[in-house]
2 protein chains.
Amino acid sequence: MVVDMLYPPFSLTTLPNVGSFANRHNFSGGPGALPEPVLEQVQEAIAEAPGAGVSILGVSHRSAWFREIVEETEENFRTLLSLPKGYHVLFLQGGGSLQFSMIPMNLLRGRGRSSDYLETGYWSRKATAEARKEGAVRVAWQGDHEDFSRLPTNDEIALDPYAAYLHYVSNETVEGLQFHRVLGSEETLRICDMSSDLLSRPIDVERFGLIYAHAQKNLGPSGVTVVLVRDDLLRDIPAGLPAMLDYRSFVDSHSIYNTPPVFAIYVMLLVTRWLRQDIGGLDAMAQINYAKAERLYRVLDGSAGFYQGHADKDDRSWMNVAFRLADRTLEARLLAEAGEAGFTGLEGHRSLGGLRASLYNAVTPQAVDALCSFLEDFRLRHREFAGERE
Amino acid sequence: MVVDMLYPPFSLTTLPNVGSFANRHNFSGGPGALPEPVLEQVQEAIAEAPGAGVSILGVSHRSAWFREIVEETEENFRTLLSLPKGYHVLFLQGGGSLQFSMIPMNLLRGRGRSSDYLETGYWSRKATAEARKEGAVRVAWQGDHEDFSRLPTNDEIALDPYAAYLHYVSNETVEGLQFHRVLGSEETLRICDMSSDLLSRPIDVERFGLIYAHAQKNLGPSGVTVVLVRDDLLRDIPAGLPAMLDYRSFVDSHSIYNTPPVFAIYVMLLVTRWLRQDIGGLDAMAQINYAKAERLYRVLDGSAGFYQGHADKDDRSWMNVAFRLADRTLEARLLAEAGEAGFTGLEGHRSLGGLRASLYNAVTPQAVDALCSFLEDFRLRHREFAGERE
């Protein structure tokens with residue numbers, strides 16, 4: 001039960017420049033920004049994918065060229081995550097939402113056991129609701145559905161030692177809550193939705209049975225989902241599942257069971273290459289991401305209450321910073337001014353409102369620096385106005 | 001039971017130039033070629049999608065901009081197909097293969113009725129196998145599994161008047177077989193996999209309850225699937241289906257239930273715009289496609305047996321021309337020489353072997369003309385050699 005990683009706060013100015021975006025700083029919650037060097041290569045590949053002889057949009061998924069693309073992408077995941085032997089790397093469709101159903105279909109149905117789910121935010125609630133359709137679900141901890149502003153302590157989580165597995169969401173994208181530790185005991189079969197933080201920092205994959213993540217945060221464009229699954233979990237999948245919903249179809253075919261999302265996988269190859277070659281791996285990426293988040297939280301905390309972070313401090317996400325203004329009537333104005341200043345995607349999720357800055361891998365330290373300056377400037381210009389209203 | 005459309009053979013030289021590809025002529029069975037004007041617009045959108053302010057790969061699926069993209073794409077389908085009222089146009093993930101399961105899950109489970117399936121080729125067999133997992137299936141006609149070189153006559157199809165629905169595949173991509181008529185009687189609820197011919201010619205949607213097609217033939221890149229479904233079919237969908245496998249989730253959310261494949265939908269918008277504006281609709285597209293196929297079949301038929309078409313003449317597909325050489329030892333040589341001459345994607349499907357030229361919408365008449373010239377030249381250079389071996 002260790003805090004997985006803690007980085008000393010350090011200055012953004014010491015960080016490498018990891019690419020700057022031409023016109024806008026995109027803080028969208030997802031699909032999020034992609035690295036500029038990747039976008040340049042994607043543009044080329046639309047005309048002709050290097051080595052394929054045709055546009056990436058017209059490449060046959062049965063070509064030797066595409067098999068190599070899948071192999072290298074898989075290899076990049078294995079290297080970046082120091083993946084131990086015995087794990088499969090699968091590329092599927094349907095997003096995290098289809099995994100909400102595939103996991104209990106494959107790993108809960110017919111086991112005569114129940115599963116443990118944590119309800120820590122918008123997305124884990126959705127996962128729980130879908131799991132209930134497939135088998136027995138115990139909620140091992142439940143946050144305040146109206147608020148979801150904190151994560152449980154270990155003592156608060158009531159694990160069932162006989163559960164088929166424990167499912168939780170490592171980073172709640174909507175509320176900006178992130179577990180900075182691995183949950184459960186050594187006996188727990190952990191299944192984790194890492195849709196919004198996979199490849200944002202190192203993780204100890206060995207402690208999980210299955211990890212999944214849709215691509216549109218840190219991995220690539222929407223339309224492809226990555227599943228890392230330990231081989232022994234495949235042994236007891238019930239017979240008769242639809243082929244498209246049975247993990248073994250994708251294991252046996254190396255993710256080319258039917259026509260995969262060729263383009264999205266190709267972009268993911270370019271993103272994982274960028275992570276390995278330009279960034280230098282997940283330790284370096286984590287340092288950058290920590291510094292970005294730390295910089296922004298410092299602005300919120302130093303605003304004398306003008307800005308109010310949503311999450312409890314210990315549970316703050318490095319990826320999604322959800323916040324409000326003490327004077328809520330100013331929020332629309334901030335969004336409008338931010339838009340004019342070249343910042344996009346700062347609206348809070350429709351279920352929560354307020355504001356949210358998502359700081360995925362491709363969001364540069366420079367973009368975060370610019371946002372922080374904007375927020376400080378906005379506060380100075382409006383603090384009296386806000387004070388008058390309180 | 002009418003032949004839906006018959007076009008007089010006419011010369012390719014009278015056809016409009018619908019764009020020519022720079023380097024290669026791509027005859028891939030899928031993902032297939034896309035129109036060059038579309039590729040140019042996609043390149044621009046990778047940098048910045050017009051009106052969105054950011055790359056198409058970083059646009060939020062909850063933005064007003066993207067909702068308009070979905071609406072216009074849907075509207076283009078409605079216009080191109082003269083869609084009657086009461087049909088939904090849905091954009092899903094998972095390809096045709098996931099529809100093989102979603103259809104019986106939504107429309108067969110718990111009905112106390114069986115369904116009729118036609119096994120006319122590789123893909124319809126796959127559909128039948130998946131349907132059996134969800135409910136009762138009767139095979140109303142079965143082709144020769146080793147060959148699949150013809151389609152049934154109406155008299156050969158044994159329909160069950162009490163069937164929940166009749167499922168068939170309008171165009172068998174692997175074998176190059178295409179129904180040039182609508183099957184069943186007025187009482188039949190028709191469900192049709194049009195993955196490889198939707199938007200290649202006009203169809204009478206009103207005669208179908210549900211039509212589906214993955215995009216990577218005529219509609220766009222892989223990663224998105226189009227479903228046209230009549231509203232009344234949604235009434236009896238069983239409760240408790242996974243949200244991602246229940247058509248109503250996508251009806252209620254206008255195809256934005258979870259993060260959709262934003263990029264693939266955007267490309268589909270560009271392709272359907274191209275069909276409306278550059279080609280002039282499906283009548284024009286059908287004339288072009290008929291002429292392309294007719295030109296190539298004429299080369300096969302006029303080769304004195306050097307080339308041998310796979311499908312019976314009445315059942316020949318306009319989209320996929322599967323053929324062999326009488327001297328099979330020459331096939332590898334043809335593929336090699338074709339590659340050198342700038343033709344790609346001519347390998348037959350791995351289940352059938354031989355050769356296949358796919359003539360989807362974006363394959364230009366000029367490309368087909370070039371292929372025909374190449375094939376005639378190859379024959380002239382090799383006919384004696386072939387003759388000597390027989």
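The exercises below, each with a worked solution, concern a predicted model and treat its chains, its domains and two of its helix pairs.

**Exercise 1. The domains of chain A**

Find into which domains chain A is divided, and state which element gives the most to the side of domain 1 of chain A that touches domain 2 of chain A.

Solution. Begin with the bounds: domain 1 of chain A is made of 12-35 + 281-389, while domain 2 covers 37-278. Next, take the separation of these two parts of chain A, whose C-alpha centres lie 27 Å apart. Then turn to the contact itself, in which 31 residues of domain 1 of chain A meet 31 residues of domain 2 of chain A. On the domain 1 side of this contact in chain A, at least two residues each are supplied by α7 (282-301) and β12 (320-325), and α7(A) gives the most, with five residues. Finally, sort the residues on that side of domain 1 of chain A by character, which gives 14 nonpolar, twelve polar and five charged.

**Exercise 2. The contact between chains A and B**

Determine how many residues of chain A are in contact with chain B, and work out how the two copies are related.

Solution. The first step is the count, which shows 51 residues of chain A in contact with 52 residues of chain B. On the side of chain A that touches chain B, the elements α1 (36-47), α3 (95-107) and α6 (262-279) of chain A each supply at least two residues, and α1(A) gives the most, with five residues. By character, this side of chain A divides into 21 nonpolar, 25 polar and five charged residues.

The second step is the superposition: chain A is brought onto chain B by a rotation of 180 degrees, with 0.0 Å of shift along the axis and an RMSD of 0.0 Å. The two copies are therefore related as by a two-fold rotation axis. The third step locates this axis within the chain, where Q43(A) comes closest to it among the residues of chain A, with its C-alpha at 2.6 Å. As a last step, compare the surfaces used: 98% of the contact residues of chain A recur in chain B, and the same surface thus serves both copies.

**Exercise 3. Helices α2 and α6 of chain A**

Decide whether α2(A) is parallel or oblique to α6(A), and state which residues of the two helices meet.

Solution. Start from the geometry, in which helix α2 (residues 64-80) of chain A packs against α6(A) at an angle of about 40 degrees, with the axes 9 Å apart. Angles under 35 degrees would count as roughly parallel, so that at about 40 degrees α2(A) is oblique to α6(A). The crossing of α2(A) past α6(A) is left-handed. Among the residues that meet are F66(A), I69(A) and F77(A) from α2(A), with I265(A), Y266(A) and L269(A) among those from α6(A). Sorted by character, the residues of this contact of α2(A) with α6(A) are eleven nonpolar, four polar and three charged.

**Exercise 4. Helices α3 and α4 of chain B**

Find at what angle α3(B) and α4(B) cross, and say whether the crossing is left-handed or right-handed.

Solution. The axes of helix α3 (residues 95-107) and helix α4 (residues 122-132), both of chain B, come within 8 Å and cross at roughly 40 degrees. The two helices α3(B) and α4(B) are therefore oblique to each other, and α3(B) passes α4(B) in a right-handed crossing. From α3(B), the residues F100(B), S101(B) and P104(B) meet K126(B), A127(B), E130(B) and A131(B) of α4(B), and the residues of this contact divide into four nonpolar, one polar and two charged.

Terms used
Residues are numbered from 1 along each chain as its sequence is written. Chains are lettered from A and ligands numbered from 1 in the order in which they are written. This is a predicted model: local features need pLDDT of at least 70, side-chain atom pairs count only at pLDDT 80 or more; totals for chains, interfaces and linings use all residues. Axes are lines fitted to C-alpha atoms, for helices over the stretch in contact, and angles run from 0 to 180 degrees between N-to-C directions. Helices (H or I, at least four residues) and strands (E, at least two) are DSSP runs, numbered from the N terminus. Angles under 35 degrees count as roughly parallel, over 145 as roughly antiparallel, 65 to 115 as roughly perpendicular and the rest as oblique. A crossing is left-handed if the near helix is turned anticlockwise from the far one by less than a right angle, and right-handed if clockwise. Two residues are in contact if their C-beta atoms, placed from the backbone, lie within 7 Å. Ala, Val, Leu, Ile, Met, Phe, Trp, Tyr, Cys and Pro count as nonpolar, Asp, Glu, Lys and Arg as charged, and the others, Gly among them, as polar. Domain bounds come from an automatic or database domain assignment. Copies are superposed by least squares on the C-alpha atoms of residues with pLDDT of at least 70 in both.
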